[in-house]
Amino acid sequence: MSNKYPVKVINVILLFTAILLFESGALLAQVQGPQDQEIKWLSVGSLKQWFSSGGAEIEYGRRGRTGFLSTDQLDGLNWPAQYNFQDCSVGKSLWIGTTSFVDPVSGVNYPHKVVCAGRINMYLGTEIFADELKLVGRFDHPSVFVDDARASNRSYDDVVDEIDPNLPADRMIVNKFHTSIGISCTRKAYAFAQQYNDNYYIYEYVFKNTGVIDLSGDKKLDKTLTGVVFHFQHRYGFAGESYRRGWSPTGASWGLNTLNDCVGQDDAHRDPVTPDMRAIWSWYGPVSTSPGNEEDIGLPRHSDGFILGGTNYAGVVVLHADKSTTDNSNDPLQPSSTMYQGSDRGAQGIDQYDPTLMSRKYVEFMTAGHPDQTHAEQVGSASADDWSGDAGGIAATQAFGPYDMAIGDSIRIVLAESVAGIMNDRDHVKEIANKWFNDEGPFVLPDGSTTTDRNEYKNTWVFSGKDSLFQSFRRAIENYNNGMNIPQPPPPPAQFVVASGGNKINLTWTNEAESWPNFDGYRIYRAEGRADTNYTLIFECDRNSVINEYEDKTPRRGFNYFYYIQSKDDGTTNTVQPGVPLVSSKFYTMTNREAFLTRPAGNNLSEIRIVPNPYNIRSRDLQFGQATPDRLAFYELPPQCVIKIYTETGDLIETIHHTNGSGDELWHSLTSSNQLVVSGLYIAYFEVTEDTYDDATGELKFRKGDSIFKKFIIIR
């Protein structure tokens, strides 16, 4: 393209072209081919990510572009996972290349043969062949209920296939796949829920020349592969919250302004604390269409200073790379290439029979070596989107090799990927944004000193996210070097139950953690209004006062409440902050359904209502909403009663004991054998189980044994 067009115009043209291609159908589903993709999640720590059976989590790879063009621009590496729109991954790729390869399908001798999982597309069953994807857990996730309904995201994003109590991590993804050049891979991803190690994953790749080149596994090559290179690409973006809430340019959300840096590739780029660290990392760089660079650092919401939307840092540190197939010691010269790469232009296409494209991938990026200056150094004080000329921005890469691999030879590479920053304390981030916006000091910096410059204050706090990321890198290195044998907290309760009530919300839990060595009680946290916010400690007990039930009597009527419970030890096993208890992950028990104070009890049995009546499945979204589509409610109940539900012919199908003192009880249309009821006329029998007196007058309101029948209809 001619230089007569400014970069911004080029970006607009490229974006408009992409939109036209998408609308015309030229951009198809990102995962294609005769084999279906399978998805698993790692979600028990503060970092949450989906994993593909194809070996790489490509752009729009989970659900495709159709219907999710704007929602999934950032889809993965959500940190901190309790907050919405904190995803940092646009897409990843794994390219595997070799030299002088006679292709058994085309019959052509390619100077460079490259098979690709991503970044933009992946062909399953023709180029990448998925063999296995399973989730292994040290224990299963707890059962969490709010008002008798399942109330945890873990019910659907933590479906454990196998329990291994000896697993060093809380969770492990095992992913096996092979390729059309005969290299097979076993990828293991380890997730830790311990509070000092829950924001990174350790990835172990074992690549083996098996010769298997087809879906069935029948076709095999007997060939030594030369010049084999394994190339990982990471396209990060950090503006999801701002984009979804409407104050950042769209391009910032897909990484147009992302800055990328490297450490450990040469003597000029050494970390002073950990000189042998080899890592890449990325962060939010200022966008040219926003106010001045100093003001845009951290992506503040300029209209009101409510929040900073771009404070996270993400990156990958190398833990191990084999020197060769015969020397499995760690090679300090790997990765051999960290060439930054345009995310949209150039070699991002996929065609395993295009010699020009494959040679460009292999030469320009996979074996390019290390640039004298990193991407961030070359951009300097400019805006990243003006510098690149690529509408998709620039991605960070790491390449390992080249290796020669005979049949049966293996290469092992171990990486750790982390997201960190200041967003783990969202209230503090809001405070920084508010003080910056209003120019109201005192402006206290991370080291305790002060400044009168509001931009220095905001920027210094944002840039401290790099220190947090490097701390996570060091913890991952230490964890790996120690055999992934970090101290573990007690497990969470196997069941956590929250029940709304008339004047309190009742919480109960089971006692499995109490047999854990050094167990020292529980902590309960509560959030008001929404689940994706900060939580406040409302209850704590130690081993000498341990209980398994708590009555929360401080909620306000009309407000929704969310909870989680943590088991804790006595701090004697903590190697990071000795004396501070290790706690089970809050994400195991964090509720996603609201609990609330229910209505006061009724005044007499005749006022009892069944809502809706009739219940019509065709109108269920208009009755109680999609979250509880099969729910019926009984209102104006006595404080204590039993509810028995019969069919029209008199068969008892469910008994509900109403004991919370409120006037409400919910029923999810299930029988006592957990079967959904069918259409028909039903009879509800209400019997008072305890005398109740009026608090003001002392008069008897409900007499034990009094009863009434009510009819209702279900239409399905």
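Okay, let's start with a strand pair: strand 25, residues 519-528, is joined to strand 28 by 8 bridges, and the two run antiparallel. Keep in mind throughout that this is a predicted model. If you want one pair of residues to find on screen, take Arg523, whose bridge partner in strand 28 is Gln566.

Now zoom out to the sheet. It's an open one with 3 strands, in the order 26-25-28, and the pairing is antiparallel. Which strands are at the edges? Those are strand 26, residues 536-541, and strand 28, residues 561-569, each pairing on one side only. On average, neighbouring strands here are turned by 20° against each other, if you ignore direction.

Next up, helix 10, which covers residues 454-481. I like checking helices against their expected span. With 28 residues at 1.5 Å a residue, this one should span 40 Å, and the C-alpha atoms at its ends are 42 Å apart, so the two agree. Have a look at both ends, too. At the N-terminal end, Asp453 acts as the cap, with a side-chain oxygen 2.9 Å from the backbone nitrogen of Asn455. At the other end, what follows the helix? That's Gly483, and its phi is positive, near 75°.

Stay around there for a moment, and let me bring in Asn197. Asn197 sits in the loop between strand 12, residues 183-191, and strand 13, residues 200-209. Buried or exposed, then, this loop asparagine? The cut-off for buried is under 20% relative accessible area; Asn197 has 5%, so it counts as buried. Its side chain has polar partners: there's a polar contact with the side chain of Gln194 at 2.8 Å, and another of 2.6 Å with the side chain of Tyr200. Leaving out residues up to four places away in sequence, Asn197 touches Phe192, Arg475, Asn479 and Ile486. And Arg475 and Asn479 fall within the 454-481 stretch of helix 10, so that's where this loop residue meets the helix.

Last stop: Gln334, another loop residue. You'll find Gln334 between strand 17, residues 313-321, and strand 18, residues 341-342. Its relative accessibility is 6%, so Gln334 is buried as well. What does the side chain of Gln334 reach? The backbone nitrogen of Gly401, at 3.1 Å. Beyond its neighbours within four places in sequence, Gln334 is in contact with Arg278, Val318, Ala321, Ala399, Phe400, Gly401 and Tyr403. Notice that Gly401 turns up in that contact list as well as in the side-chain-to-backbone pair.

That's my tour, thanks.

Definitions and conventions. Residues are numbered from 1 along each chain as its sequence is written. This is a predicted model: local features need pLDDT of at least 70, side-chain atom pairs count only at pLDDT 80 or more; totals for chains, interfaces and linings use all residues. Side-chain values use heavy atoms; hydrogens and water are left out. Helices (H or I, at least four residues) and strands (E, at least two) are DSSP runs, numbered from the N terminus. Buried means under 20% relative accessible area, exposed over 50%, partly exposed in between (1.4 Å probe, protein chains only). A polar contact is a pair of N or O atoms within 3.5 Å; within protein, one must be able to donate a hydrogen and the other to accept it, and residues adjacent in sequence count only if both atoms are side-chain atoms. Contact means heavy atoms within 4.5 Å. The expected span of a helix is 1.5 Å times one less than its number of residues. Two strands pair if DSSP finds at least two bridges between them. Axes are lines fitted to C-alpha atoms, for helices over the stretch in contact, and angles run from 0 to 180 degrees between N-to-C directions.
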